[in-house]
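Me: I would like to work through this model with you, one question at a time, and to see the reasoning behind each answer.

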Amino acid sequence: MTVKLFFQAVGKFLLGFLLVGLFIFVPAGTLDYPNGWLLMAVLFVPMFFAGIVMMFKNPALLKKRLNAKEKQAEQGLVIKLSGLMFLVGFIIAGLGFRFGWYMLPNGVAIVAAVIFLVAYLMYVEVLRENTYLSRTIEVQENQKVIDTGLYGIVRHPMYSVTLLLFLMIPLVLGSVYSFLIFLVYPFIICKRIKNEEALLEKELKGYREYKRKVKYRLVPFIW
């Protein structure tokens, strides 16, 4: 671990905490938004501890996860669309609380929070299984195909986990309207996967054989 990596990780964590808080609580017009605080807890507490573990156990992986700058223009568009989805979804949820739009029962938010935490544990497992994971689409030096664990079930378990995580976010916030906005994410991630697989087939040895072995990309028995 380097001092530069430490400050980069801390800076991104604090910036993310601040931005999510602003996008949720400013539209809500109050800090007294329990669902908002529930989301902040399930989102940032596990992230904090996962970051600490990576910082000391695998700083190289942490560095990859902090790098979000895509080299491919098409994937840059995917990242921008995802960011827009989050922005609009958070604002709509906050406005819904502020103006009394239909809010989901508290029980739904609690169940969604539990599912979110379980999905986050799966996210940690994916990181443990595949240390080549970065936030950008690229083939790294000496990279090998991972075909065990969750990678033996679907070819892109990280995206499967993020799909579950992201769809739980508006439910934790208690917003039906925000959930409808987040439903665009499966389409966004499918586009990213198709582009990523084209690159992996071309540049990662053994990936074509892996595709024949593991048939499903994202959801078992569906796609």
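**Reading the chain**

Reply: Let us begin near the C-terminal segment: F221 has a relative accessible area of 72%, which is over 50%, so F221 counts as exposed. The model is a predicted one.

Me: Where is F221 found, and what is the approximate value of its positive phi?
Reply: F221 belongs to the segment that comes after α9 (207–213). Although F221 is not a glycine, its phi is positive, at about 70°.

Me: How many helices and how many strands does the secondary structure of the chain come to?
Reply: Read from the N terminus on, the elements run α-α-α-α-α-α-α-α-α. The secondary structure therefore comes to nine helices and zero strands.

Me: What percentage of the residues in the chain is buried?
Reply: A residue counts as buried when its relative accessible area is under 20%. Of the 223 residues in the chain, the buried ones make up 43%.

Me: How far apart are the end C-alpha atoms of α1, and where is its kink centred?
Reply: Helix α1 covers residues 3–28, and at 1.5 Å a residue its 26 residues should span 38 Å, with which the 37 Å between its end C-alpha atoms agrees. The helix nevertheless has a kink of about 25°, and this kink is centred on L22.

Me: Which residues of α1 are buried, and which residue just after α1 takes a positive phi?
Reply: The buried residues of α1 are L5, A9, V20, G21, I24, F25, P27 and A28. Just after the helix, a positive phi of about 75° is taken by G29.

Me: What span should α2 have, and how far apart are its end C-alpha atoms?
Reply: Helix α2 runs over residues 34–57, and among its buried residues are N35, G36, L39 and M40. Its 24 residues, at 1.5 Å each, should span 34 Å, and this agrees with the separation of its end C-alpha atoms, which is 34 Å.

Me: Is V111 buried, partly exposed or exposed, and how far is its C-alpha atom from that of M168?
Reply: V111 lies in helix α5 (residues 106–129). Its relative accessible area is 48%, so V111 is partly exposed. M168 is 57 residues away from V111 along the chain, and the separation of their C-alpha atoms is 9.2 Å.

Me: Is R155 buried or exposed, and which backbone oxygen does its side chain reach?
Reply: R155 is found in the loop between α5 and α6. With a relative accessibility of 6%, which is under 20%, R155 counts as buried. At 2.8 Å, its side chain reaches the backbone oxygen of V214.

Me: Why is α6 described as largely enclosed by the rest of the structure?
Reply: Helix α6 has 16 residues and reaches 22 Å from its first C-alpha to its last, close to the 22 Å expected at 1.5 Å a residue. It is followed by G174, whose phi is positive, near 80°. The helix is largely enclosed because its buried residues number 15 of the 16.

Me: Which helix gives the most to the lining of the second largest pocket, and with how many residues?
Reply: The second largest pocket holds about 210 Å³ of space. Of the 13 residues that line this pocket, M122, S160, V161, L218 and P220 are the closest to its centre. By class, the lining has twelve nonpolar, one polar and no charged residues. The helix that gives the most to this lining is α6 (residues 157–172), with six residues.

Key
Residues are numbered from 1 along each chain as its sequence is written. Side-chain values use heavy atoms; hydrogens and water are left out. Helices (H or I, at least four residues) and strands (E, at least two) are DSSP runs, numbered from the N terminus. The expected span of a helix is 1.5 Å times one less than its number of residues. The bend at a residue is the angle between axes fitted to the seven residues ending there and the seven starting there. Buried means under 20% relative accessible area, exposed over 50%, partly exposed in between (1.4 Å probe, protein chains only). On a 1 Å grid over the protein atoms alone, a cavity is a set of points where a 1.4 Å probe fits but cannot get out, and a pocket is an open set with protein on both sides within 12 Å along at least five of seven lines; lining residues have an atom within 4 Å of a point. Grid points are joined across faces, edges and corners, and a volume is the space filled by probe spheres set on the points. Ala, Val, Leu, Ile, Met, Phe, Trp, Tyr, Cys and Pro count as nonpolar, Asp, Glu, Lys and Arg as charged, and the others, Gly among them, as polar. A polar contact is a pair of N or O atoms within 3.5 Å; within protein, one must be able to donate a hydrogen and the other to accept it, and residues adjacent in sequence count only if both atoms are side-chain atoms.
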